[in-house]
Amino acid sequence: MRYGFFDDAAREYVTDRVDVPVSFTNYLGTQRMGTVISHNAGGYSWLDSPQHHRITRFRPNGVPMDWPGHYVYLRDDEDGKYWSMSWQPTGLPLDEAKYEARHGLSYSRFLCEYRGIRAEQILFIPREDGTEDPVEIFDVRVRNDSSRERKLSVFGYVEFSFHEIDMDNQNFQMSLYAAGSHYEKEAVICELHYEPGAWQFFAGNFSPDGFDGVRESFIGPYRTERNPAGVTEGRLSGSTELGGNPCGALRKAITLKPGEEKRVLFYLGTGRGDAAERARVRYDEAGTDRAFDVLRRFWDEKLGVLQVITPHENMNRSMNIWNLYQSEINVLFSRFSSFIEVGGRTGLGYRDTAQDAMCIPHAEPEMCGRRLCQLLHGQMRQGYGLHLFDPAVLEKGEEEGVKTPTVIPEADKKGMLHGIKDACADDALWLIPAIVENVRESGDLSFFDEVVPFADEGSATVWDHMKAALDFSYAQVGSHGITKGLRADWNDCLNLGGGESAMVAFLLIWATNHFLDAARFMGRTEDEKKYAALKKQMEEKCRRELWDGKWFLRGFTASGAPIGTQQAREGKVHMESNTWAVVSGTAEPAQGLSCMDAVDEWLYTPWGLMLNAPSFITLDDSIGFVTRVYPGVKENGAIFSHPNPWAWVAECMLGRGSRAMKFYDALLPENQNDQMEIRQAEPYSYCQFIMGRDHTAFGRARHPFMTGSSGWAYYAASRYMLGIRPGFEGLTVDPCIPAEWDGFEAVRKWRGAEYRISVTNPAHVEKGVKRIRADGKDTDRIPLYTEGVHQIEVEMG
Ligand code: GLC
């Protein structure tokens, strides 16, 4: 069963059955202002921080689902019938009114046809050039498809938030008297008296025929957004108050002749009357069209850095549009603004951000670079990363902010720094491949020598930050000589403390590989020798201590008990250790084949690979919280999406392209568009996890968009399956594909040149390159170009 389809030409997902039992999510904004929006226009906006500067309010985890939102209502002023342009909140019977929602890249469109009126609402946030505060535009068109003249009212509505999420959710004896509204220059202004200079506005490109600034006046007692009094009565009361719950509601009366269409624009922004006036001038109809065009071209350019044509339609769709889009949203908004993380936290998760920034430097060089600098600053001198930190607090230093008399806790730097006990063993290790991949992409070697402060004291070059991370991990070893698991490794719920984590050991080896590649290229021989020797010792220990005959152990508890053995009845085979044994290059060839066969045998499902099997059922705190999680859910035996691409990489390293594709296909959201009764989540977004075999809801996906699965899926598919990898010395094309593929084409823009890559596979192999031609000439390796368009032919065999 499906709820929609892909419109590839428009780069939109079209939900034509809008009564999806969950929200289909999208994100607006490409810079500071963001909005998370559902296919029913439910959602909320923020500026910079969804915790400290929330613009519109949201009632998370509530019923009805995903209310309120950024709504536009229509009312037929002849008989008082009213409806919303998105199906919710009015929720008309779907056999009477026709609704469609289209999620595009950084915009959403809501369409409805009812009683001879066709209406469309586009929501988007224009890209600014730095001269203006950001604005969200509601671009509304209403057309009269009936044969008589119609008199209608158009209402735009948002509910403002008190900026601070704590103010919004508690201690109303304070908050309800510290924020209010007034009307100025034909705009409703929400003001926050306790936060000097904090204003939001809601305005239109017209002189309103009525407004409300007080939520209770617009909605009316014992009513909801489904039947707000202002709309049912067709009259807004002009309410404002210093105090209460501010909202922005505006009415515009229009008359439409048969066939006539009118356009109405609403603006939601930061600032007061003057800012609203500037928005009207800048984003009049022509300005709005221009801004929308800029947004489309912005995405054209980003997506254009790598485009592929393979025989696999859903892979093309994912690589060329949705997977990259999702990965960008992760780099941009990090994790704490969604329908799941509703702004209660601010800042960056160390490992998540590092991985996001590692995966897409080609499309998002600036933002990835900025994230790297923030992460470097979030590293302690001793080498580990601050697991969750707010870069703004670090940047602010020790100076005192305004202390509020009430509920707002001021985050301070001291409270954010933590000791080794709270360190996650993997966090800072991800920084190394992230840095190296970014430099491979940009070619900017000087980045290695930039000086960045540590979170606690002192500063060092980027190069020395990387060494600090390596030194920390090589020193933090347990009784088998394997790296300790500390508070957690990649798996938040594996809490080994002084016990040892196979995954961290393999990740350390992989990070060292990236470091050594850079050291070799930079001629930093001393460092190369030192870390090659440390790596070699760690590899030997891993092969000796962690091999269990058929697969690799997951690690040891603090008392030395092995986790993930052949004898174990639960938590027997684990994805992290086995995939990473291969990805890091540590597994001997036979071990690699055997452990990945175990992954296939024990962990494969048609919905993707489970994290471990069988799920843990016996509570055991020496292993960690994972044993307290329901079987088949999240870290305990679910199909956790993020590690799935590790298995694709591993299979590609083993040369098994069909196996890699089998795993890829199982997880690919686009493949599940027709199985929505089971998946129950966006078919255009990887989700954090999918319920595993040991759960009754096996196959149900949860938590879209904000997940490291996205970046990793893109990274694994582009660099390993399609094999297009930028390096210090040039571009490599070394695919690992299903034998039946005849080949594929790709365009990759890199360091000023455009590589038009054509891969052929006449012998129908899965891996291996027999011949390379660059601009018609045979060559051993693809030359490093700095300009121009170049034809690269790669023959597999
Ligand atoms: C969540 C966390 C991520 C962690 C994963 C597995 O997605 O954001 O940091 O690696 O869970 O526990």
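This briefing covers a ligand site, one sheet and some backbone details. The model is predicted. The ligand sits in the second largest pocket. An open sheet of 4 strands is also described, with antiparallel pairing. Two cis peptide bonds follow, one from V63 to P64 and one joining A613 and P614.

**Ligand site**

- The residues around the ligand are R351, D352, W490, N491, D492, E635, F640 and Q688.
- This shell divides into 4 charged, 2 polar and 2 nonpolar residues.
- The side chain of E635 puts an N or O atom 2.4 Å from an oxygen atom of the ligand.
- At W490 the partner is the backbone: a polar backbone atom there is 2.6 Å from an oxygen atom of the ligand.
- D492 also takes part through a polar backbone atom, 2.9 Å from an oxygen atom of the ligand.
- The protein buries 85% of the 310 Å² that the ligand exposes when taken alone.
- The pocket that holds the ligand ranks as the second largest.

**The sheet of strands 25 to 28**

- The strand order is 25-26-27-28, and the sheet is open.
- Strand 25 (484-486) and strand 28 (562-563) are the edge strands.
- Each edge strand has a single partner strand, so one side of each is left without a neighbour in the sheet.
- Strands of a sheet pair through backbone hydrogen bonds, in parallel or antiparallel fashion.
- Strand 26 (residues 497-501) and strand 27 (residues 555-556) run antiparallel and are joined by 2 bridges.
- In this pairing, S501 stands opposite G555 of strand 27.

**Cis peptide bonds**

- The bond from V63 to P64 is cis, and its omega is near -10°.
- P64 lies in a loop, with strand 6 (49-56) on one side and strand 7 (71-76) on the other.
- The bond joining A613 and P614 is cis too, with omega about -20°.
- P614 belongs to the loop between strand 32 (612-613) and strand 33 (639-640).
- A613 falls within the range of strand 32 (612-613).
- F640, one of the residues around the ligand, falls within the range of strand 33 (639-640).

**Positive phi**

- R11 is a residue other than glycine, yet its phi is positive, near 55°.
- R11 is placed in the loop between strand 1 (4-7) and strand 2 (12-15).

Conventions. Residues numbered from 1 in each chain as written. Predicted model: local features only at pLDDT ≥ 70, side-chain atom pairs only at ≥ 80, totals over all residues. Heavy atoms only, no water. Near = heavy atom within 4 Å. Polar contact = N/O pair within 3.5 Å; in protein donor to acceptor, adjacent residues only side chain to side chain. Areas by Shrake-Rupley, 256 points an atom, 1.4 Å probe, with all protein chains shown as cover. 1 Å grid on protein atoms, 1.4 Å probe; cavity = no way out; pocket = protein on both sides within 12 Å on 5 of 7 lines; lining within 4 Å. Sits in = over half its atoms within 2 Å of the grid points. Nonpolar A, V, L, I, M, F, W, Y, C, P; charged D, E, K, R; others polar. Pairing = 2+ DSSP bridges.
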